[in-house]
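This report goes through one structure, beginning with a helix pair and ending with the chain as a whole. The sequence and the coordinates are shown first.

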Amino acid sequence: LRNEVGRMERLSLVGQMAASITHEIRNPMAVIRGFVQLMKERMPGEQQQYFRIIMEELDRANAIISDFLSLAQNRALAMEMSSLHEIIGEMAPLLDADANMRGQSIEVELCDYIPPLMLNSKEIKQLLLNLARNGMEAMGDKGVLRMKTEYVQEKERIELRIQDHGVGIPQEQMQHLFEPFYTTKTRGTGLGLPLCLSIAERHNGKIEVESKEGEGTTFIVSFNRSA
Ligand code: ADP
Ligand code: MG
């Protein structure tokens, strides 16, 4: 018991530290970004690119901080009986806008019946967003991202598939996908999938990946029906 308490205290200390670091680093970064933006506007055309790079790198650092915060703060969650379909419905306009900006589109296919689940909707939204963005980032112009739900009655299991027709994942990369900071993107954080995994695990769910190079990737998130 003593050990258990010690572990919980450590977790919450890391969580607390992450929250203050986020606050203390983000504010000065926002100020820097604002002034860089101002300087960029006053620069002649060919020199603006340096300022654009500075801003992109600031944005990337910011993304790492927020993803890390979400990861570090995996405290006990407020779970609620909710409808996964409702959550997908609430996310759809955001994902749609994201896809449109990339010249892509989203297709959502919801099964007729899905039992309600004990979940934390904020976290499930984070999971959806991260998997959907990865799918979009793997595809080019005109790519179509599919989201599909299924209730496997005999196993009492709810499955959510997020499928892209992007570049695919080479076999040798598969084992690294969920490692923190593993990324193959110049502006990636490598924290998206570790975050998705920790969210799925907190919901007693799991994540599987099917992928073929050059053809695309499907992430399958599955949850057991809540009692
Ligand atoms: P990031 O997106 O910041 O790189 P993630 O943890 O979200 O970090 O993903 C880690 C890596 O997994 C990516 O850099 C990419 O190589 C690979 N990956 C994830 N999702 C896909 C996908 N849908 N298609 C191809 N590769 C993917
Ligand atoms: Mg990602």
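## Helices α2 and α6

In this predicted model, helix α2 (residues 48–72) and helix α6 (residues 192–202) have axes that come within 10 Å and cross at roughly 25°. Angles under 35 degrees count as roughly parallel, so α2 is roughly parallel to α6. The crossing of α2 past α6 is left-handed.

On the α2 side the contact is made by D67, S70 and L71, which meet G192, P194, L195 and S198 in α6. Sorted by class, this contact of α2 with α6 holds three nonpolar residues, three polar residues and one charged residue.

## Surroundings of ligand 1

There are 20 residues around ligand 1, and those that come nearest are N134, A138, T183, G188 and G192. Two elements, α4 (121–138) and α6, each give two or more residues to this shell. The largest share, four residues, comes from α4.

G192 thus appears in two settings: it is met by residues of α2, and it is among the residues nearest to ligand 1. By class, the shell around ligand 1 comprises seven nonpolar, 11 polar and two charged residues.

## The five-stranded sheet

Five strands form an open sheet with mixed pairing, in the order β2-β4-β5-β7-β6. At its edges are β2 (105–109) and β6, each of which pairs on one side only. From one strand to the next the twist averages 15°.

Helix α4 packs on this sheet and touches β4 (144–152), β5 (157–164) and β7. The direction of α4 makes about 30° with that of β5. The helix that packs here also gives four residues to the shell around ligand 1.

## The hairpin of β6 and β7

Strand β6 (residues 206–212) pairs with strand β7 (residues 216–224) in the antiparallel sense, over seven bridges. K212 stands opposite G216 in β7. Three residues lie between the strands of this hairpin, in which G214 takes a positive phi near 80°.

## The chain overall

The secondary structure of the chain amounts to six helices and seven strands. Along the sequence they follow the pattern α-α-β-α-β-β-α-β-β-α-α-β-β, with the hairpin strands β6 and β7 as the closing β-β of that pattern.

Taken along the principal axes, the C-alpha atoms of the chain fill a box of roughly 65 × 55 × 35 Å.

How values were computed:
Residues are numbered from 1 along each chain as its sequence is written. Chains are lettered from A and ligands numbered from 1 in the order in which they are written. This is a predicted model: local features need pLDDT of at least 70, side-chain atom pairs count only at pLDDT 80 or more; totals for chains, interfaces and linings use all residues. Axes are lines fitted to C-alpha atoms, for helices over the stretch in contact, and angles run from 0 to 180 degrees between N-to-C directions. Angles under 35 degrees count as roughly parallel, over 145 as roughly antiparallel, 65 to 115 as roughly perpendicular and the rest as oblique. A crossing is left-handed if the near helix is turned anticlockwise from the far one by less than a right angle, and right-handed if clockwise. Two residues are in contact if their C-beta atoms, placed from the backbone, lie within 7 Å. Ala, Val, Leu, Ile, Met, Phe, Trp, Tyr, Cys and Pro count as nonpolar, Asp, Glu, Lys and Arg as charged, and the others, Gly among them, as polar. A residue is near a molecule or strand if its C-beta atom, placed from the backbone, lies within 6 Å of it. Two strands pair if DSSP finds at least two bridges between them.
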